Amino acid sequence: SPNLFSQAGKGDFYISATAGPYFYLNKTSDLSDCLTMGLEGSYFVAKGVAISGGLDYNTIGNGFTALTFGTRLYPGSENIYVRHRAMVGLNNKFNSDFLLGLGGDFPLNDKIAVETNLDYQFITRAIGVKIGFALTL
């Protein structure tokens, strides 16, 4: 196990909870700015490479829930990562998408970090900004 949160290595696992606004670039009666919340687990298959999966909830319309899965790559940094995620919608047509983003883990101590994410959704053309906390297990 690592001494610092940001030095996660092979076999390490952490859970993050984040929330923030989503801004849709093509607003319609069905697509308008909203709030999204996510819970995600990440497992490091190698130092700087993690696979992740989780659940997102979005307040658009009557609200929707999506399963997410993807990867995180920490290229040359122990705090900043590039991620891609697929969202598989569970209850309406607007919540299946592909996301590409940047994020950061900023340790508060050996187990807890502040996490930030900036994502772009390709199908719905939205930009999301989320902030929250992550816990190393």
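Begin with the second largest cavity of this predicted model, whose lining comprises, by class, three nonpolar, three polar and one charged residues. To see this lining, select Y22, T36, D56, N58, F64, M87 and Q121; the space that these residues enclose has a volume of about 30 Å³. Keep D56 in the selection, since the tour will return to its side chain below.

Next, turn to the largest cavity, which has a volume of about 50 Å³; the structure holds two cavities of 30 Å³ or more. The largest cavity is lined by 13 residues, and to centre the view on it, select S16, T18, E40, R85 and K130, which lie nearest its centre. If the strands are coloured separately, the elements giving two or more residues to this lining can be picked out as β1 (13–24), β2 (34–46), β5 (80–89) and β7 (112–121). The residues of this lining divide into two nonpolar, four polar and seven charged.

With those charged residues on display, move on to the salt bridges, of which the structure holds seven. Select R72 and E40 to begin with: their side chains form a salt bridge in which the closest N and O atoms are 2.7 Å apart. R72 belongs to strand β4 (residues 64–73) and E40 to strand β2, so this pair ties together parts of the chain that are 32 residues apart in sequence. Both partners are buried, R72 as well as E40.

From here, select R85, already seen at the largest cavity, together with D56, already seen in the lining of the second largest. The side chains of R85 and D56 meet in a salt bridge at 2.7 Å, N to O. This pair, too, links distant parts of the chain, with R85 in strand β5 and D56 in strand β3 (residues 49–58), 29 residues apart. R85 is buried, and D56 is likewise buried.

A third selection on this stop is R83 with D119, whose side chains meet in a salt bridge with an N to O distance of 2.4 Å. Here R83 sits in strand β5 and D119 in strand β7, so that distant parts of the chain, 36 residues apart, are linked by the pair. R83 counts as buried because its relative accessibility is 2%, and D119 counts as buried because its relative accessibility is 3%. To take in the wider arrangement, select E40, D56, R72, R83, R85, E115, D119 and K130 at once, as these residues are linked in a network of salt bridges.

Now switch to a cartoon view and follow strand β8 (residues 126–136), which pairs with β1 in the antiparallel sense over nine bridges. One place to inspect this pairing is S16, whose bridge partner in β8 is A134. On β8 one also finds the pairing with β7, in which ten bridges join the two strands and the strands run antiparallel; there, V114 stands opposite F133 in β8.

Stay with β7 and β8 and select R125, which lies in the loop between them. The hairpin of β7 and β8 has four residues between the strands, and the phi of R125 is near 50 degrees, a positive value in a residue other than glycine. With a relative accessible area of 34%, R125 is partly exposed.

The last stop is the aromatic side chains, where the structure holds five aromatic pairs. Select Y14 and F44, whose ring centres are 5.8 Å apart and whose planes stand at 35 degrees, so the pair is tilted. Because Y14 lies in strand β1 and F44 in strand β2, the pair ties together parts that are 30 residues apart in sequence. Y14 is buried, with a relative accessible area of 2%, and F44 counts as buried at 2% relative accessibility.

Then add Y74 to the selection, since F44 and Y74 form an aromatic pair that is also tilted, at 5.7 Å centre to centre and 40 degrees between the planes. F44 lies in strand β2 and Y74 in the loop between β4 and β5, so this pair ties together parts that are 30 residues apart in sequence. Both F44 and Y74 are buried. To finish, add Y81 and view the four residues together, as ring pairs link Y14, F44, Y74 and Y81 into a cluster.

Note on methods:
Residues are numbered from 1 along each chain as its sequence is written. This is a predicted model: local features need pLDDT of at least 70, side-chain atom pairs count only at pLDDT 80 or more; totals for chains, interfaces and linings use all residues. Side-chain values use heavy atoms; hydrogens and water are left out. On a 1 Å grid over the protein atoms alone, a cavity is a set of points where a 1.4 Å probe fits but cannot get out, and a pocket is an open set with protein on both sides within 12 Å along at least five of seven lines; lining residues have an atom within 4 Å of a point. Grid points are joined across faces, edges and corners, and a volume is the space filled by probe spheres set on the points. Ala, Val, Leu, Ile, Met, Phe, Trp, Tyr, Cys and Pro count as nonpolar, Asp, Glu, Lys and Arg as charged, and the others, Gly among them, as polar. A salt bridge is a side-chain nitrogen of Lys or Arg within 4 Å of a carboxyl oxygen of Asp or Glu. Buried means under 20% relative accessible area, exposed over 50%, partly exposed in between (1.4 Å probe, protein chains only). Two strands pair if DSSP finds at least two bridges between them. Rings of Phe, Tyr and Trp (its six-membered ring) pair if their centres lie within 6.5 Å; planes under 30 degrees apart count as stacked, over 60 as edge-to-face and the rest as tilted.
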